Amino acid sequence: MTTIRFVLSLFVLLQLLPASAGVMPAADVPLPLLNGNFEAGFNPVTVVGVAGMVGNHWTPFVITGTLAFQAGQVEPPLNRWQVLAADTGAYVAGIAQTVTGDLLPQDSLRATARVYPPASVDGITGTIGLDPLGGSDPTAPSVVWSSAGSAGAWATLTVTATAAATQTTVFVKVEQAAVGPHGLVFVDDVTLERTGRTLRTFLPWVTTPLGDPTWQYQATGIIIGATGCTSTGLQGRVVAAGGAPQAGVRVAVWSALPGGPQMTVVTGADGRWRALLDPAAPLAGRWQVAVVDSRERLLSPLVGQIGFLDSLNSVDAPGIPTSDDCVNGHQWLTVNFQAQTTFPDYTLVSTRYISCQDNHLNHNLRVWVIEADGTQRRGTPVRFHEQGGFEEDKLTGADIYKPAGYIDYNLPGRQEFTVQVLAGPSGVTPYLSSMTPPTIDNCGGNNWGHHSYEVIFQHGQ
């Protein structure tokens, strides 16, 4: 993909179900698809120059051709449908909705819709699709489509998929393949259900179970940020286990905000990658990043899966932030990855240096330990080792006013510490210093003795 700006695009609403590998037996759980039966009414729209009506909470899309979106209604009893109509001509179009809610990656999903293509017009078909990544593009290769419905009868279309994000998008698509006479296509009763939930996964965003040969890379070093008043993005380098640059590696960047964009870039000959999020201005957002394969499955732990809004606000806010403040915030984040052959029980997912805007002159190590399924547990021991020999062990969740998997550890001005989990084999951070940070910010929220870091471990056993 190329440059993105934050734009809420076409989406379909649905809710999600648990996933494949290691699925918990459970009854199907209906998820709140808004106005799936179209009884909640319609909004006026103009699409490709044609005025019409689209069901509330739905967004129209047109891939090719020209058509009208109309409101269908009969009574008694009152019954409404979404109607797609074309006087003549071929088209590919439909409606979409993106849903968030009780949805985890690896949840198993099923979406259905009833579609009635007219028997009098040849070459009209209807399909329903799910994008496990929650994107807005009906042509994206990640979208899973049902088989086509038959003409001349109400057909219930069904599609199943495994969620790969905390949102999913439902598409109902109609195709008229050839120029022909006037045809009306009716859409009704769209539903989304969660049909299963994985008992354990290594990361909330992984789309294959723990034990499969999925992870091959890990974020290394300290994630740092830099200010930039003319653009915003993420960048970094991917190297082999021995340190040689790796070309052709795919790195995906997702918005952690519902309905936000995503993009995938490929490393160059020097192993470097660059995801331009805004080419002209500072952009406020929260981002997650990982190495992925050609099907967008994670080949590394997901960076940015948990965190706080900032050091003054204990509100969970997943994602590493970029800011529209190009003095105190960060616009360019550097995330490096290195190939790995093994991963400990407690993998060090990321270590991030916190911006002036987020730090507010604090000096803390913000440490998270999360479980394989993304949940948190009180009582996990974590060691803070000072350079020179002093060690102190703390338990997650000891502060009852903070999350169960969290420790807020004071980082004095003349000291530096490594961090590791003691509950099993663990990754270890580099020394984290409040005297000599990895980068210098010319702003008021960080200065000598007042620097903070965010550290995230994930339990994979």
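**Exercise 1. Two positions in one strand**

Gln167 is found in strand β13, residues 167-176; determine whether Gln167 is buried or exposed, and identify the backbone atom that its side chain reaches. Then treat Phe171 of strand β13 in terms of its relative accessible area. The model under study is predicted.

Solution.

1. The relative accessibility of Gln167 is 8%. Buried means under 20% relative accessible area. Gln167 therefore counts as buried.
2. The side chain of Gln167 reaches the backbone oxygen of Gly134, at 2.9 Å.
3. Phe171 also lies in strand β13. Its relative accessible area is 0%, so Phe171 is buried.
4. A distance along the chain can be set beside one in space: Phe171 and Asp131 are 40 residues apart in the chain, with 8.1 Å between their C-alpha atoms.

**Exercise 2. The sheet containing β27**

State the strand order of the open four-stranded sheet that includes β27, and explain why one side of β28 and of β31 is left without a neighbour in the sheet.

Solution.

1. The order is β28-β27-β30-β31, and the pairing is antiparallel.
2. β28 (391-395) and β31 (432-433) stand at the edges; each has a single partner strand, so one side of each lacks a neighbour in the sheet.
3. β27 (residues 381-386) pairs with β30 (residues 416-421) in the antiparallel sense over five bridges. Within this pairing, His385 stands opposite Thr418 in β30.
4. β27 is also joined to β28 by five bridges, and these two strands run antiparallel. Here the bridge partner of Phe384 is Glu392 in β28.
5. The hairpin of β27 and β28 has four residues between the strands, and Gly388 takes a positive phi near 115° in it.

**Exercise 3. The faces of β27**

Assign residues of β27 to its covered and uncovered faces.

Solution.

1. The covered face consists of Val382, Phe384 and Glu386.
2. The uncovered face consists of Pro381, Arg383 and His385.
3. The bridge partners can now be placed on these faces. Phe384, on the covered face, is the residue bridged to Glu392. His385, on the uncovered face, is the residue opposite Thr418.

**Exercise 4. The sheet containing β20 and β23**

Describe the open four-stranded sheet that includes β20 and β23, and find how many bridges join these two strands.

Solution.

1. The strand order is β18-β17-β20-β23, with antiparallel pairing.
2. β18 (262-266) and β23 (320-322) are the edge strands, each pairing on one side only.
3. Neighbouring strands of this sheet are turned against each other by 30° on average, direction ignored.
4. Strand β20, residues 285-292, runs antiparallel to β23 and is joined to it by three bridges. Arg286 stands opposite Pro321 in β23.

**Exercise 5. The largest cavity**

Find how many cavities of 30 Å³ or more are counted, and characterise the lining of the largest cavity by element and by residue class.

Solution.

1. The count comes to two cavities of 30 Å³ or more. The largest cavity holds about 50 Å³ of space.
2. Its lining is formed by Pro321, Thr322, Ser323, Gly329, His330, Leu333, Arg352, Ser355, Gln357 and Asp358.
3. β23 and α1 (356-359) each supply at least two residues of this lining.
4. By class, the lining has two nonpolar, six polar and two charged residues.
5. Pro321 links this exercise to the preceding one: it stands opposite Arg286 in the sheet and is one of the lining residues of the largest cavity.

Notes:
Residues numbered from 1 in each chain as written. Predicted model: local features only at pLDDT ≥ 70, side-chain atom pairs only at ≥ 80, totals over all residues. Heavy atoms only, no water. Pairing = 2+ DSSP bridges. Axes fitted to C-alpha atoms, helices over the stretch in contact; angles between N-to-C directions. 1 Å grid on protein atoms, 1.4 Å probe; cavity = no way out; pocket = protein on both sides within 12 Å on 5 of 7 lines; lining within 4 Å. Points joined across faces, edges and corners; volume = space filled by probe spheres on them. Nonpolar A, V, L, I, M, F, W, Y, C, P; charged D, E, K, R; others polar. Buried < 20%, exposed > 50% of the residue type's maximum accessible area, 1.4 Å probe, protein only. Polar contact = N/O pair within 3.5 Å; in protein donor to acceptor, adjacent residues only side chain to side chain.
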